[in-house]
Amino acid sequence: MSEFRPPRRLRLSRAIAAAQAPVLLPQGRRLRRETPRLPDAPLPWEGRVEGGGDREGRDDPGGASRTLHLLVIGDSTAAGVGVDHADLGLGGRLAEALAARTGRPVHWRAAGRNGATARDLVRQYLTPALHGPTDLVFLTVGANDALALRSARAFRRDIRRILERIFAAHPETALLMSSLPAFFRFPLLPEPLRRSLYRHSQALEREARLLIGAAPRAHVSPPPPPYTEGFFASDDFHPSAIGYKDWADFAVEDAWSVGFGRLLDDH
């Protein structure tokens, strides 16, 4: 996969944020201090949804024919922050949407950590997560890279490594990546932090889209529609059970609208 060097205008978001650091850093510290820290969803982060969307326990009973194996890997959203049961988080909701769309049972599992960046996934979580059958990977990462003002170059490098390792371990898998959060729609965030984070997150997202757009078995979701009432959990930052369902339904609907579902036909 060839290295892409972005034009200068795509690197300006970090410079603008750095120039605003005297304002942004105190806002960020106050936000971390005053925002409730919600826990991860309780373990286990895995489950099974029968074809048509009916949940059954978390164990896959020996490989039912045509079961889809879904791996969700990423940050706090992979960890189910914002809900009190993993089935109601991103992994469970994606499994429901996939089972409803395909009519096939879906065994799902999740890996990652609240606060994880793309670099954290590469260094700590990706290799063990790729053990076992994996037909579809859903990657949710980048929000913490934006919050940490990581450079577009570093983010591009880590996304490239994630792609290389996933497809080296599972050449026939398919990969979906979420778009980064629409920070400008987060009522919790004050200005100018809100706009600065959104601007930088979009610079990072462009890098991911360039890399994943060149991979034949991968797709990035488009920017999300306006968040619905009840989308956010009690911290006004992470999704609620409603938010995770909206997100999962949107991602699967978009993927199938562009023909992504055919990549799973042979699994």
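Which residues are linked in a network of salt bridges? They are D145, R150, R157 and D158. Keep in mind that this is a predicted model.

## The salt-bridge network

Let's take the network one pair at a time. D158 pairs with R150, and the closest N and O atoms of this salt bridge lie 2.9 Å apart. D158 also has a salt bridge with R157, where the closest N and O atoms are 3.4 Å apart. Side chains of opposite charge can pair like this when their charged atoms come close.

So how much of each partner is open to the outside? D158 has a relative accessibility of 1%, so it counts as buried. R150 comes out at 8%, and it counts as buried too, because the cut-off for that label is under 20%. R157 is another story: its relative accessibility is 28%, which makes it partly exposed. The salt bridge from D158 to R150 therefore joins two buried residues, while the one from D158 to R157 joins a buried residue to a partly exposed one.

## A link between two helices

Which side chain does E253 meet in a salt bridge? The partner is R101, with 2.3 Å from N to O. This pair ties together distant parts of the chain: E253 belongs to helix α8 (residues 241-257) and R101 to helix α3 (residues 90-102), and the two residues are 152 apart.

Are E253 and R101 buried, exposed or something in between? E253 has a relative accessible area of 45%, so it is partly exposed. R101, at 37% relative accessibility, is partly exposed as well.

Stepping back to the whole model, the count of salt bridges comes to 11.

## The cavity

How many cavities of 30 Å³ or more does the structure hold? There is one. The largest cavity has a volume of about 40 Å³.

Who lines the largest cavity? Among the residues around it are the tryptophans W45 and W108, along with A41, T77, G80 and L90. Helix α3, which also carries R101, turns up here again: α3 and strand β4 (106-112) each supply at least two residues of the lining. As for chemistry, the lining of the largest cavity has eight nonpolar residues, four polar ones and no charged ones. Glycine sits on the polar side of that split, and G80, G89 and G91 are among the lining residues.

How values were computed: Residues numbered from 1 in each chain as written. Predicted model: local features only at pLDDT ≥ 70, side-chain atom pairs only at ≥ 80, totals over all residues. Heavy atoms only, no water. Salt bridge = Lys/Arg side-chain N within 4 Å of Asp/Glu carboxyl O. Helix = DSSP H or I, 4+ residues; strand = E, 2+ residues; numbered from the N terminus. Buried < 20%, exposed > 50% of the residue type's maximum accessible area, 1.4 Å probe, protein only. 1 Å grid on protein atoms, 1.4 Å probe; cavity = no way out; pocket = protein on both sides within 12 Å on 5 of 7 lines; lining within 4 Å. Points joined across faces, edges and corners; volume = space filled by probe spheres on them.
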